[in-house]
Amino acid sequence: MLAGGALLAAGGLSATRALGAAPGSERAVLASALRLEQEAVLAYDSAVRAGELGRLTDSAELFAEHERRHAEALSLALRQLGAEPPSAPRRVEEVRGLAQALRGGAKRTARFLIGLEERSLRTYYRAQGTLRSPAPLATSAGIMANEAQHLALLRRSVGQNPSPVAFVTGRG
Amino acid sequence: MPDVDPRTRRELLALTGLTATAGGTLLFAGCGGEEERAEGRPDPKATPQRDRAILNGALTLENTAVAAYSAVLPLLRGENRRLALQFLDQEREHGRALAGAVRGLGGEPNRPKPDAEYHAAFPRMSDEADALRFATDLENVAISAYVEGVPKLSDAELRQSTAAILANEAEHVTLLLAARHPGRPRAAVPEPFVTGRAAA
């Protein structure tokens with residue numbers, strides 16, 4: 001997989017062009033994305049409940065709502081492909097690193113959420129290469145863009161450049 | 001796209017060659033409007049020729065964005081100016097990458113229009129609020145076109161790269177909205193599925 005602009009700059013064509021992916025691969029990438037959305041819902045909800053986020057609280061509440069909507073859409077897409085969506089985690093211990101982040105205060109929690117959003121972005125970037133039907137591709141692109149928006153505001157909240165790269169893949 | 005200033009939208013469509021459907025969707029020229037709903041199947045209309053048309057349409061948008069950010073810079077100060085300079089560089093990067101991809105597909109990249117043509121089409125702006133509003137409108141037009149165009153690309157890696165550009169434009173619009181509506185995250189990130197059609 002080439003990073004952002006490298007392929008465009010080279011004008012290259014992939015070996016997978018127009019071949020698409022096996023339905024099993026589509027289900028796998030959608031299931032991965034859904035699991036991350038479910039973890040994000042739990043993480044944002046837990047961060048809000050912990051009451052340590054300060055000025056980020058309103059954003060976290062909003063982002064939790066967004067992640068819930070994403071999870072619903074992905075669950076529906078998975079069912080349409082004949083797969084059963086994974087069950088959502090219910091305890092902070094089920095999300096690696098979340099409990100420690102919550103104990104570490106606002107900044108550490110924000111950094112954890114940044115990491116989670118970056119993982120989501122990487123998954124949706126991969127999904128654009130794996131999915132082949134237009135409707136899931138469009139949904140995935142719209143969600144990926146939304147995660148980038150979350151990431152921009154989270155980065156700014158911890159003093160980072162909110163939009164550091166021109167090609168957002170979750171690795172920048 | 002009812003929330004973008006109608007005159008700005010009209011002028012941007014004329015500049016970029018985008019087509020608006022009755023539902024408000026923006027389409028790159030030659031990319032077709034019919035939505036393919038078959039689950040698990042690629043869009044049968046996706047071809048390298050259509051890829052080239054979509055990428056060249058995106059390049060025209062990026063050329064317009066470069067002209068637009070150049071035009072708004074004199075009206076911006078402080079953090080807003082710093083952000084706009086960064087966005088300008090990023091739009092240039094998108095443009096270079098898209099031009100390379102069009103060439104790679106055997107096409108001739110669309111060239112930027114003369115500055116005078118852009119300036120004649122851009123709205124009259126007198127202060128920072130006007131500049132931020134115009135930049136927001138422009139980014140929403142671009143996002144709307146990318147959201148429609150990305151799934152129509154036949155090449156998997158081109159889809160990934162253009163989705164990475166879309167995500168960057170989404171960051172831009174959120175930071176512009178945050179500048180216009182400080183302390184209001186719902187105004188800065190108005191929709192869970194980014195379409196470019198939300199209230200500006």
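About 40 Å³ of space lies in the second largest cavity of this predicted model, which holds 2 cavities of 30 Å³ or more. The lining of the second largest cavity is made up of Leu61(B), Glu62(B), Ala65(B), Glu91(B), Leu138(B), Glu139(B), Ala142(B) and Glu169(B). Two helices of chain B, α2 (48–72) and α5 (128–149), each supply at least two residues of that lining. Sorted by class, the lining residues of the second largest cavity divide into 4 nonpolar and 4 charged, with no polar residue among them.

The interface between the chains can be described next. In the model, 61 residues of chain A are in contact with 54 residues of chain B, and the two chains bury about 4800 Å² between them, 63% of it on carbon and sulfur atoms. Between chain A and chain B the count is 18 residue pairs in polar contact, with both residues at pLDDT 80 or more. On the side of chain A that touches chain B, α1 (4–10), α3 (57–80), α5 (106–130) and α6 (134–157) of chain A each supply at least two residues, and α6(A) gives the most, with 19 residues. That side of chain A has, by class, 31 nonpolar, 21 polar and 9 charged residues.

Salt bridges form the last topic. A search of the whole structure finds 12 salt bridges over all chains, whereas across the interface of chain A and chain B the rule finds 1. Two salt bridges, one of them between the chains, are set out below with the separation of their N and O atoms.

| Salt bridge | N to O separation |
|---|---|
| Arg186(B) with Glu65(A) | 2.8 Å |
| Glu39(A) with Arg119(A) | 3.9 Å |

The separation of 3.9 Å between Glu39(A) and Arg119(A) falls inside the salt-bridge cut-off, which asks for a side-chain nitrogen of Lys or Arg within 4 Å of a carboxyl oxygen of Asp or Glu. The side chains of Glu39(A) and Arg119(A) thus meet in a salt bridge, and this pair links distant parts of the chain, with Glu39(A) in helix α2 (residues 23–50) of chain A and Arg119(A) in helix α5 of chain A, 80 residues apart.

Definitions and conventions:
Residues numbered from 1 in each chain as written. Chains lettered and ligands numbered in written order. Predicted model: local features only at pLDDT ≥ 70, side-chain atom pairs only at ≥ 80, totals over all residues. Heavy atoms only, no water. Contact = heavy atoms within 4.5 Å. Buried area = accessible area lost by both parts, 1.4 Å probe. Polar contact = N/O pair within 3.5 Å; in protein donor to acceptor, adjacent residues only side chain to side chain. Helix = DSSP H or I, 4+ residues; strand = E, 2+ residues; numbered from the N terminus. Nonpolar A, V, L, I, M, F, W, Y, C, P; charged D, E, K, R; others polar. 1 Å grid on protein atoms, 1.4 Å probe; cavity = no way out; pocket = protein on both sides within 12 Å on 5 of 7 lines; lining within 4 Å. Points joined across faces, edges and corners; volume = space filled by probe spheres on them.
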